[in-house]
Amino acid sequence: MMPSLDELLGSAHVVSLNLFDRFRGLDRREALLLEGPEGWTEFSPFVEYDDAEAASWMRAAIDFGWQSTPHALRTSIPVNATVPAVPAAKVAEVLARFPGCRTAKVKVASPDQTLADDVARVAEVRRVLGAEGRIRIDANGLWNVDEAEHAIHALSAFDLEYVEQPCMSVPELAEIRHRTAYLSVPIAADESVRKSGDPLAVARAGAADILVIKAQPLGGIRAALSIIGQTGLPVVVSSALDTSVGLSMGAHLAASVPGLYFDCGLGTASLLADDVTSEPLLPVNGAIPVRRVVPDAALLTEHAASPERRDWWLARLTRTHALLNAE
């Protein structure tokens, strides 16, 4: 069901939320929230994405707000802590925002930092989590193959669960997976799935052991489940720095995956200093519940984006809606 543009505009709220720490180059996260017949939903492609890419996020927003969710196989989702590219001295403070989480995803390969910074950060995460904690690292495709090989060798000493998107292209992922096979560190693909015109290519190429799946970039819960079913690879359901409304979409996706063997990247409400609800989807005992989130009217007003940014987002909504209508 495709809602009319007037229906979308009629419930649209644009918010701008502070982050505790810079993440993905951002100090604030903007998002557009919509209310459909099934509940609240989110449209929040990053601002640098073009309309064609953003249209998948609009498809996901409509899917979650205007269609019922698939049958849930679980009522709560175990989640990982997320550690931005902060100094090692700040790691314990970040991890304290993720109570009960036994797994941490650590951002590495920041352009303004060195491998030594990454090693220090991961070493501190290992110290805080202890020997039984799980550590996964995420390079967001910022290494070339040689850099990735060197970095994975250095960081494998901290017993890595997997390395997420060490290089950007599928051929590079396949090569680094071959080069580092002796280290027995699995390779996970994120950008190679969600930003690809062919999200199945990484699986066909044997370029990854694990897929990181995000509901919004892939066009919604049903589209994501279809990709999961076709690849046959284990998956980690993750977020794109969503508000709690968007995290609810991710939680419903994770609840519908037949086999869920890894903690999911859906605890990122803990990275937000602000949210749109007084009952955010924050980790409790290392998990978040599977439930719809209803924003608080007062918080939508308090965190409303400026008129200029609201106009920018509504214009973007209008353009992406037109693209979907033209399909």
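**Exercise 1. Two helices**

Determine how helix 4 and helix 5 of this predicted model are oriented towards each other, and state the handedness of their crossing.

*Solution.* Begin with the two elements themselves: helix 4 covers residues 115-129, helix 5 covers residues 145-155, and the two pack with their axes 10 Å apart. Next, take the angle between them, which is about 30°. Angles under 35 degrees count as roughly parallel, and helix 4 and helix 5 are therefore roughly parallel to each other. Finally, the crossing of helix 4 and helix 5 is right-handed.

**Exercise 2. The sheet of three strands**

Work out the order of the open sheet of three strands, and find which strands stand at its edges.

*Solution.* The strands of this open sheet follow the order 1-2-3, and their pairing is antiparallel. Strand 1 and strand 3, the latter spanning 39-43, are the edge strands, each of which pairs on one side only. From one strand to the next, the twist averages 35°.

The pairings can then be taken one at a time. Between strand 1 and strand 2 (residues 26-36) there are seven bridges in the antiparallel sense, and asparagine 18 stands opposite arginine 28 in strand 2. Strand 2 and strand 3 are also paired in the antiparallel sense, over five bridges, and here glutamate 35 has tryptophan 40 in strand 3 as its bridge partner. In the hairpin of strand 1 and strand 2, two residues lie between the strands, and arginine 24 takes a positive phi near 55°.

**Exercise 3. The sheet of seven strands**

Explain why strand 5 and strand 11 each have one side without a neighbour in the sheet, and describe one pairing inside this sheet.

*Solution.* First write down the order, which for this open sheet of seven strands is 5-6-7-8-9-10-11, with parallel pairing. Strand 5 (81-83) and strand 11 (235-238) stand at the edges with a single partner strand each, so one side of each is left without a neighbour in the sheet. Neighbouring strands of this sheet are turned against each other by 25° on average, with direction ignored.

For the pairing, consider strand 9 (residues 187-189) and strand 10 (residues 210-214), which are joined in the parallel sense over two bridges. Within this part of the sheet, alanine 189 stands opposite leucine 211 in strand 10.

**Exercise 4. The largest pocket**

Describe the largest pocket by its volume, its lining and the elements that contribute to that lining.

*Solution.* The largest pocket holds about 620 Å³ of space. Its lining comprises 35 residues, and those nearest the centre are Phe23, Arg24, Gly25, Lys107 and Asn140. Turning to the elements, strand 1 (13-23), strand 6 (103-107) and helix 7 (191-194) each supply at least two residues of the lining, and strand 1 gives the most, with three residues. Sorted by class, the lining has 13 charged, twelve nonpolar and ten polar residues.

Arg24 thus appears twice in these exercises, as one of the residues nearest the centre of the largest pocket and as the hairpin residue with a positive phi near 55°.

**Exercise 5. The cavity**

State how many cavities of 30 Å³ or more a search of the whole structure finds, and give the lining of the largest cavity by class.

*Solution.* The search finds one cavity of 30 Å³ or more. About 40 Å³ of space lies in the largest cavity, and its lining includes Lys214, Gln216, Pro217, Ser238 and Asp242. By class, this lining has five polar, three nonpolar and two charged residues.

Conventions
Residues numbered from 1 in each chain as written. Predicted model: local features only at pLDDT ≥ 70, side-chain atom pairs only at ≥ 80, totals over all residues. Heavy atoms only, no water. Pairing = 2+ DSSP bridges. Helix = DSSP H or I, 4+ residues; strand = E, 2+ residues; numbered from the N terminus. Axes fitted to C-alpha atoms, helices over the stretch in contact; angles between N-to-C directions. 1 Å grid on protein atoms, 1.4 Å probe; cavity = no way out; pocket = protein on both sides within 12 Å on 5 of 7 lines; lining within 4 Å. Points joined across faces, edges and corners; volume = space filled by probe spheres on them. Nonpolar A, V, L, I, M, F, W, Y, C, P; charged D, E, K, R; others polar. Parallel < 35°, antiparallel > 145°, perpendicular 65-115°, else oblique. Left-handed = near helix turned anticlockwise from the far one by under 90°.
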